[in-house]
Amino acid sequence: MELVIQEETTPKDTVERFRHLALQEKVDAIHGLISTGVTLAVAPVAEDERVLLQCWDGTTQNGVQESMPKTRFVFRSTDNECEAVMSSLMAIKRFKGKFATIAGVNSDYSYGRNCWETFKTLLSRYDIEAKVVSEQWIRVGATDLTTNVAALNAAKPDLIFNSLFLSDLPIFLRQASAAGLLANAKIVSAVAGGQINDLRSSFVPEGALLGQNTFYFDLPGASELQKSFVAEYRDRYKAIPTTLADRAYFNLMAYKAGVEKAAKAAGRWPKTDEIADAIAGNDIESLGGRGRYRADKIAEQMFYQGFSKNSTQHEYPGLSDITAAFSDQLQKPAGADYWKWIKTADFRV
């Protein structure tokens, strides 16, 4: 296998790089993409050019309607709001009756706003009365959050919900801890797993709810596949693998299964459209557990969340009371309206 790499940046530039891979490099399949905005720009090009695109991420709900309702060559990750649904339900289960005021600290774009709205919607769904005392919207990549922390300290929320991503989360938690904000407030962090290498027990309070998305590196009872991968990754990179490692592996194995299924049916190396039609429905063992693509080309995978605890083995926080859930418990069915679905779904987490 030959790996040809291009960088994802702005939607316009990424479309040009996608065309370069598809039309000049003539690659068999393209995997990757993180940003929803980039995905929405690239996906129509993939469909027009009939190029197989399997996305690692980039599936934030666009308002109340899907922007890519039907595709043949584009395969999408689980809905980005799955972790917000799971953390909201777990917070309700663990902290119900222990908070009267809440605050939100979220990135100032669609993902952050959708996660915060999901949390408030599910509180209302389960008749939990909580007063919103502060809403802080963080610019992606901001490094000085002292003003936001000061506003939260003044508001004194009982519970702080956040969906901060990448470097934003450790920056916030470090500065919030230094200001004494985390001493009393309960912390719900929907997507903490992506930042595990930058989190430290010194500023992450014990008992904080930390979402891990589709992969937790230290999962009790993990498969031999996960154990061997984590060991090799840590030895090679001196770091902890995160969800995107799992997403990359899942997509590659789903592609492999589709190629093998289509080749068996055709009796030869299959064409791109034959592979695209053969990927959905195959059961995949990924690093984080079982997964598959639905008929609508949207992934279903395992999700993990737990509560932080200090560890004597390493400096970053470990997890206790880990909950695992397959995404069919966290993700809207094919064709459903997300905001209507979360008001009526039979959640079992």
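This is a walk through three helix pairs, some salt bridges and one buried glutamate, stop by stop.

Before you click, note that this is a predicted model, where local features need pLDDT of at least 70, side-chain atom pairs count only at pLDDT 80 or more, and totals for chains, interfaces and linings use all residues. Residues are numbered from 1 along each chain as its sequence is written, and side-chain values use heavy atoms, with hydrogens and water left out.

**Stop 1: H1 and H2**

Select residues 11-24, which make up helix H1, and add H2. Helices here are DSSP runs of H or I with at least four residues, strands are runs of E with at least two, and both are numbered from the N terminus. Two packed helices are described by the angle between their axes and the distance between the axes. For H1 and H2 those values are about 30° and 9 Å. The axes are lines fitted to C-alpha atoms, for helices over the stretch in contact, and angles run from 0 to 180 degrees between N-to-C directions. That makes H1 roughly parallel to H2 (under 35 degrees is roughly parallel, over 145 roughly antiparallel, 65 to 115 roughly perpendicular, and the rest oblique).

The crossing is right-handed, that is, the near helix is turned clockwise from the far one by less than a right angle. Now show side chains: on H1, Pro 11, Thr 14, Val 15, Phe 18, Arg 19 and Leu 23 meet Gly 37, Val 38, Ala 41, Val 42, Val 45, Ala 46 and Glu 49 on H2. Contact means heavy atoms within 4.5 Å. By class, this contact has 9 nonpolar, 2 polar and 2 charged residues (Ala, Val, Leu, Ile, Met, Phe, Trp, Tyr, Cys and Pro are nonpolar, Asp, Glu, Lys and Arg charged, and the others, Gly among them, polar).

**Stop 2: H3 and H4**

Next, select 82-95 for H3 and 110-125 for H4, which pack at about 35° with axes 9 Å apart. H3 passes H4 in a right-handed crossing. Glu 83, Ala 84, Val 85, Ser 88, Leu 89, Ala 91 and Ile 92 in H3 meet Tyr 111, Cys 115, Thr 118, Phe 119, Leu 122 and Leu 123 in H4. The tally for this contact is 10 nonpolar, 2 polar and 1 charged.

Stay on H4 and pick Lys 120 and Glu 117, a salt bridge whose closest N and O atoms are 3.6 Å apart. The cut-off is a side-chain nitrogen of Lys or Arg within 4 Å of a carboxyl oxygen of Asp or Glu. How far apart are Lys 120 and Glu 117 along helix H4? They are 3 residues apart, about one helical turn. Lys 120 is partly exposed at 24% relative accessibility, and so is Glu 117 at 36% (buried is under 20% relative accessible area, exposed over 50%, partly exposed in between, with a 1.4 Å probe and protein chains only). Add Glu 135 to the selection and you have a network of salt bridges linking Glu 117, Lys 120 and Glu 135.

**Stop 3: H5 and H6**

Move to 146-155 (H5) and 168-178 (H6), packed at about 50° with axes 10 Å apart. That makes H5 oblique to H6. The crossing is right-handed. Thr 146, Val 149 and Leu 152 in H5 meet Phe 172, Gln 175 and Ala 176 in H6, giving 4 nonpolar, 2 polar and no charged residues.

Which residues of H6 are buried? Colour Asp 168, Leu 169, Pro 170, Phe 172, Leu 173 and Ala 176. These buried residues pack against strand S4 (101-107), H5, strand S6 (159-162) and strand S7 (186-189). Following H6 is Gly 180, with a positive phi near 80°.

**Stop 4: a long-range salt bridge**

The whole structure has 16 salt bridges. For one of them, select Asp 273 and Arg 50, at 3.7 Å, N to O. Asp 273 lies in helix H9 (272-279) and Arg 50 in the loop between H2 (36-49) and strand S2 (53-55), so the pair ties together parts 223 residues apart in sequence. Asp 273 is partly exposed at 24%, and Arg 50 is partly exposed at 44%.

**Stop 5: Arg 294 and Glu 300**

Arg 294 and Asp 296 meet in a salt bridge at 2.8 Å, N to O. Arg 294 is buried at 14%, whereas Asp 296 is partly exposed at 23%.

Finish on Glu 300 in strand S11 (299-309). Glu 300 is buried, with a relative accessible area of 7%. Leaving aside neighbours within four places in sequence, Glu 300 is in contact with Thr 78, Arg 290, Gly 291, Arg 292, Arg 294, Phe 326, Ser 327, Asp 328 and Gln 331.
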